[in-house]
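The following exercises concern the fold and packing of one protein. Please work through each task before reading its solution.

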Amino acid sequence: MRGQRIGLAVVLGLWCSLSVGEAQTWTQFLAGNFESNNFTQFTATSTSDGTIVVTNTCTPPPAQGLYHCKADLAGNGGTNFARVQWDLPSWGQDQLWAAEYSMYLPTGFHSARTCTFQPFGTDTFPTLNNQMRLMVYLTAPQNAFMVLNDEGVTTEITPAFNYLTEGQWVRWRVEQKIHNSAGWTKVYKNGVLVASGTGDTWTGEPVTRIRFGYADCSAQTAPLTLYLDHIVVYTGAE
Ligand SMILES: [Ca+2]
Ligand SMILES: [Ca+2]
């Protein structure tokens, strides 16, 4: 018995010491679940060679509630996007933020994909070429990365992780601290940490928008469909 108590104390002491300085608290900042049967929970939608609708009539059933969002790309090449978005209050260095969303990719999505797929990201509009994106490359369709695009220079800021899951809802969460040198990024898939990185997460321009769906693609030459639900953005504190 005595040995068990000592062992427990050691375990608790280790847990406490690892937690110091690493804990964050998160406060819900924006939320959209499509239950209003329209896009009024968001700042805007925008499309190019695509459509985006709220629906309660199609397969799969929503991840949450009665309604979800269906986004299609027609597949005519060029610049393709179909996304919901929020304006942000110009996040700068030292900002902590997190975003969660449920996404359903139908079976066959990746085999029909001819574009580099960016399902989620922030950017610094109206200053162009400064973006934080989750990017699924065409050449390795099982792999995704969080990337920082700083004035047109793209840097992968996490190791590769698997974005291939099709035919089921997946809950994604990205946490990030914005900083030019001491930034960090964590990616969770269904609650499991699948990738993380530290370093530069700041492009030099305030972050003004966050987008979900086909945040951006290019040269998609076949139709694509995806579903989106239960989007939440948090601000954080250390
Ligand atoms: Ca919903
Ligand atoms: Ca930087």
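Three exercises with worked solutions follow.

The model is predicted: local features need pLDDT of at least 70, side-chain atom pairs count only at pLDDT 80 or more, and totals for chains, interfaces and linings use all residues. Residues are numbered from 1 along each chain as its sequence is written, while chains are lettered from A and ligands numbered from 1 in the order in which they are written.

**Exercise 1. Overall form**

Determine the secondary structure content of the protein and compare its radius of gyration with the value for a compact globule.

Step 1. The protein comprises one helix and 16 strands, where helices (H or I, at least four residues) and strands (E, at least two) are DSSP runs numbered from the N terminus.

Step 2. The radius of gyration is taken over C-alpha atoms, and the globule rule is 2.2 Å times the number of residues to the power 0.38. For 238 residues a compact globule would have a value near 18 Å, and the 19 Å of the protein agrees with this.

Step 3. The C-alpha trace spans about 70 × 40 × 35 Å along its principal axes.

**Exercise 2. The core and strand β6**

Identify the strand that gives the most residues to the largest nonpolar core, and describe its pairing.

Step 1. A nonpolar core is a set of buried Ala, Val, Leu, Ile, Met, Phe, Trp, Tyr and Cys residues joined through C-beta atoms within 7 Å. The largest has 52 residues, and Ala 99, Tyr 101, Leu 226 and Leu 228 have the most contacts inside it.

Step 2. Strand β6 (residues 96-104) gives the most to this core, namely seven residues.

Step 3. A residue is buried if 20 or more other C-beta atoms (placed from the backbone) lie within 10 Å of its own, exposed if 12 or fewer, and partly exposed in between. Eight of the nine residues of β6 are buried, so the strand is largely enclosed by the rest of the structure.

Step 4. Strands pair if DSSP finds at least two bridges between them. β6 pairs antiparallel with β12 (residues 169-177) over nine bridges, and Glu 100 stands opposite Arg 173 in β12. Eight bridges join β6 to the antiparallel β16 (residues 224-237), where Leu 228 is the bridge partner of Met 103.

**Exercise 3. Thr 27**

Is Thr 27 buried or exposed?

Step 1. Thr 27 lies in strand β1 (residues 25-32).

Step 2. Thr 27 counts as exposed because it has 10 C-beta neighbours inside 10 Å.

Step 3. Thr 27 and Val 233 are 206 residues apart in sequence, yet their C-alpha atoms are 8.5 Å apart.
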